[in-house]
Amino acid sequence: MRVVLVGAPGAGKGTQAKHIASHYEIPPISTGDIFRANIAEQTALGKTAKRFMDAGDLVPDEVTIGIVRDRLAQDDTASGFLLDGFPRTLAQAEALGEIVADLGTPLDVVLELQVEDDEVVRRLSGRRTCRNCGHVWHVEFDPPSVAGVCDECGGELFQRDDDLPETIRRRLEVYSEQTAPLVGYYAERGLLRSTTAIGSVDEITKRSVEALELATQV
Ligand code: AP5
Ligand code: MG
């Protein structure tokens, strides 16, 4: 199964990516997570990415495409992969087409998670991430039993720098200008499936897997 998840910031791509990827036993690949890991390790890539991320803008295509090209060349993608947050521009979508053609592994489905802007703002402003294990919580929708402490590992929870109200607004603008056109792009190529991403996490996972099964039935 080779899948791309597309959807606004806060649609729940990262949350669903974990469940869907574990269902199919394929690696979830998030360009956002790769950038955040580089920021934490203070690499040159992390320094470049942070400037754009903190402003709510996209990291330049030439940087992002190279990272995905390298990642998809790794052995663990042989049985498939789930891309979360890539592609985000038409240029990235074109490049991804070339990468998977070179590897001989065409995409099966692009799954769009649909959520209204108001819900996105609620989800992002209450998101908290564990500094230690990376588990994602929500202060209202999925709260840990003790505020600020991860139930999974006891780690400290933090709010992402780009989850501040101003930056959330900018990310939504960038999404509608640069990323939303991909929905039409993949629909034209017969790869798009869409599902509403409102409801419980389990319900959305179930709907997503059903959509993927339908799309890949021979
Ligand atoms: P990235 O990390 O990809 O951020 P994003 O697209 O803005 O998406 P988020 O991670 O904010 O949201 P999500 O959809 O994963 O939602 P989540 O599951 O966490 O990118 C960050 C930045 O990196 C970009 O702005 C850009 O600068 C750069 N970047 C990354 N990729 C790039 C690319 N390809 N090109 C250029 N630049 C790139 O859920 C959100 C919250 O909601 C959580 O708290 C969760 O608990 C909660 N939640 C989830 N599901 C539900 C539900 N069903 N009901 C209620 N709450 C829920
Ligand atoms: Mg995410």
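These legends describe close-up views of a predicted model.

**View 1. Strand β4 between two parallel neighbours.**
Strand β4 spans residues 109-114. On one side, five bridges link β4 to strand β1, residues 2-7. The two strands run parallel. Within this pairing, G7 has L113 of β4 as its bridge partner. Five bridges also link β4 to strand β8, residues 192-196, and this pair is parallel too. Here V110 faces L192 of β8. Five of the six residues of β4 are buried, so the strand is largely enclosed by the rest of the structure.

**View 2. The shell around ligand 1.**
The shell comprises 34 residues. T15, D57, R88, R127 and R171 come nearest to the ligand. By class, 14 residues of the shell are nonpolar, eleven are polar and nine are charged. Several elements each supply at least two of them: helices α1 (13-24), α2 (31-40), α6 (117-125) and α9 (201-216), and strand β6 (136-138). Helix α2 gives the largest share, with four residues.

**View 3. Backbone atoms beside ligand 1.**
Three residues are picked out here. D57 places a backbone N or O atom 2.6 Å from an oxygen atom of ligand 1. D57 is also among the residues that come nearest to the ligand. For G85, a backbone N or O atom lies 2.9 Å from a nitrogen atom of ligand 1. For G12, the distance from a backbone N or O atom to a ligand oxygen atom is 3.0 Å. Ligand 1 taken alone exposes 1000 Å², and the protein buries 95% of that area.

**View 4. S125 in helix α6.**
S125 belongs to helix α6, one of the elements that supply at least two residues of the shell around ligand 1. Is S125 buried, partly exposed or exposed? Its relative accessible area is 34%, so S125 is partly exposed. The side chain of S125 reaches the backbone oxygen of V121 at 2.4 Å. Beyond its neighbours within four places in sequence, S125 is in contact with Q159, D163 and I168. A73 serves as a distant reference point: S125 and A73 are 52 residues apart in sequence, and their C-alpha atoms are 35 Å apart.

**View 5. The open sheet β6-β5-β7.**
Three strands form this open sheet, in the order β6-β5-β7. Their pairing is antiparallel. Strands β6 and β7 (157-158) lie at the edges, each pairing on one side only. Two bridges join strand β5, residues 127-130, to β7. In this pairing, C130 has L157 of β7 as its bridge partner. Strand β6 also appears in View 2, as an element that supplies at least two residues of the ligand 1 shell.

**View 6. T77 in the loop between α4 and β3.**
T77 sits in the loop that runs between α4 (61-72) and β3 (81-84). Is this loop residue, T77, buried or exposed? T77 has a relative accessible area of 9%; the cut-off for buried is under 20%, so T77 is buried. The side chain of T77 reaches the backbone oxygen of Q74 at 2.9 Å. Leaving out residues up to four places away in sequence, T77 touches P27, I29, R71 and L72.

**View 7. A cis peptide bond before P87.**
The peptide bond from F86 to P87 is cis, with omega near 0°. P87 lies in the loop between β3 and α5 (90-103).

**View 8. Positive phi at E25 and Q42.**
Which phi value does E25 have? E25 has a positive phi of about 55°, although it is not a glycine. E25 is found in the loop between α1 and β2 (28-30). E25 is exposed, with a relative accessible area of 67%. Q42 is likewise a residue other than glycine with a positive phi, near 55°. Its place is in the loop between α2 and α3 (44-55). Q42 is exposed, with a relative accessible area of 61%.

Key
Residues numbered from 1 in each chain as written. Chains lettered and ligands numbered in written order. Predicted model: local features only at pLDDT ≥ 70, side-chain atom pairs only at ≥ 80, totals over all residues. Heavy atoms only, no water. Buried < 20%, exposed > 50% of the residue type's maximum accessible area, 1.4 Å probe, protein only. Pairing = 2+ DSSP bridges. Near = heavy atom within 4 Å. Polar contact = N/O pair within 3.5 Å; in protein donor to acceptor, adjacent residues only side chain to side chain. Areas by Shrake-Rupley, 256 points an atom, 1.4 Å probe, with all protein chains shown as cover. Nonpolar A, V, L, I, M, F, W, Y, C, P; charged D, E, K, R; others polar. Contact = heavy atoms within 4.5 Å.
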